[in-house]
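Open the model in your viewer and keep the selection panel at hand. The tour has two stops.

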Amino acid sequence: RLRPGDHAPDGIEALLRRIKSYNPKADLKEIERAYRMAERSHEGQLRMTGEPFIEHPLGVASILAELRLDTTTLVAALLHDVVEDTDLSLEQIEREFGEEVGRIVDGLTKLDRITFRTREQAQAENVRKMIVAMARDIRVLLIKLADRLHNMRTLEVLSPQKQRQKANETLDIYAPLADRLGVHRMKWELEDLAFARLHPKRYEEIKSLVEKRENDRQDYLDAVVAEVKAKLRESKLKANVEGRPKHLYSVYEKMVLRGKEFNEIYDLVGIRVLVDSVRDCYAALGAIHSLWKPLPGRFKDFIAM
Ligand code: MN
């Protein structure tokens, strides 16, 4: 889960350190050059929060660094708003950073214009399909999602009506896209941020219910993780096992859409098992199913799908 504290709070240096930690071969000079160019181009522009505009592309790049993305994506992320919002042209970006970066920035600029026009009319599913078709390169989508996530984190500067509109759009279009791409950390945070804006009372209520259970939940989670680790070791599988709390919006969905009481929601925790290959995925799944039987109708083969 991405928390505000996870991303670079102290500017470009922290971002570069973070990138180096997961990708020693990353072209840090190129990333820093993109940052300087974005900073110069956005010079004098402020976000509605009052901070210098450069904090936004920097925040977007930091979210993508948490997802361990490559140099090209991070360079494009830092430059994602310059064509739309500054005097810098696409040709200049291509000349400075190459055709690939140019194509991604161009894709994002076009996407911004299109989603703006179709916001009201089309159904969410159609808009999502169009975004996917337009993006072509998956990195365009990832940057677009990070862009939305960063804007959602600082939504409170907008009017209440605008906040609701952005929150609805996030639930209808962007969170399902993140889900489709398998970037669940983004999906959860997008949903929780939108949920907090749309139903602040319910959000606080569920948050406090979940927090009250936190101790039990943590003990239970620790026990389950230990059991899974032991079983996988026994099966000679190299795996990383982590527990994760469910996000608040999924609890809300169960209560509202499926009419469950909070006490009936037993799956307040989930675990994540990371292995090195698809084969090991199935082996790990088999080992876990020998501990707990899957519920008929509830099991989904996310590995194959
Ligand atoms: Mn942006």
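Which residues do ring pairs link into a cluster? Select Phe 195, Tyr 203, Tyr 249 and Tyr 252: ring pairs join these residues into a cluster. Bear in mind that the model is predicted.

**Stop one: the aromatic rings**

Across the whole structure, a search finds four aromatic pairs. Keep Phe 195 and Tyr 252 selected and look at their rings: the centres are 4.5 Å apart and the planes lie at 35°, so this pair is tilted. Now colour the helices that carry the two residues. Phe 195 sits in helix α11 (residues 184–198) and Tyr 252 in helix α14 (residues 248–257), so that the pair links distant parts of the chain, 57 residues apart. Add a surface, and both Phe 195 and Tyr 252 turn out to be buried.

**Stop two: the manganese ion**

Next, select the manganese ion and show the side chains of its protein donors: His 56 (NE2), His 80 (NE2), Asp 81 (OD) and Asp 147 (OD), at 2.2 to 2.3 Å from the ion. Along the chain, the donors follow the spacing H-x23-H-D-x65-D. Two of these donors, His 80 and Asp 147, link distant parts of the chain, being 67 residues apart. To place them, find His 80 in the loop between α4 (71–78) and α5 (82–85), then Asp 147 in helix α9 (residues 138–153).

Are these two donors buried or exposed? His 80 has a relative accessible area of 4%, so it counts as buried, the cut-off being under 20%. Asp 147 is also buried, with a relative accessible area of 9%.

Key. Residues numbered from 1 in each chain as written. Predicted model: local features only at pLDDT ≥ 70, side-chain atom pairs only at ≥ 80, totals over all residues. Heavy atoms only, no water. Donors = N, O, S within 2.8 Å, 3.2 Å for Na, K, Ca; no water. Helix = DSSP H or I, 4+ residues; strand = E, 2+ residues; numbered from the N terminus. Buried < 20%, exposed > 50% of the residue type's maximum accessible area, 1.4 Å probe, protein only. Phe/Tyr/Trp six-rings, centres within 6.5 Å; stacked < 30°, edge-to-face > 60°.
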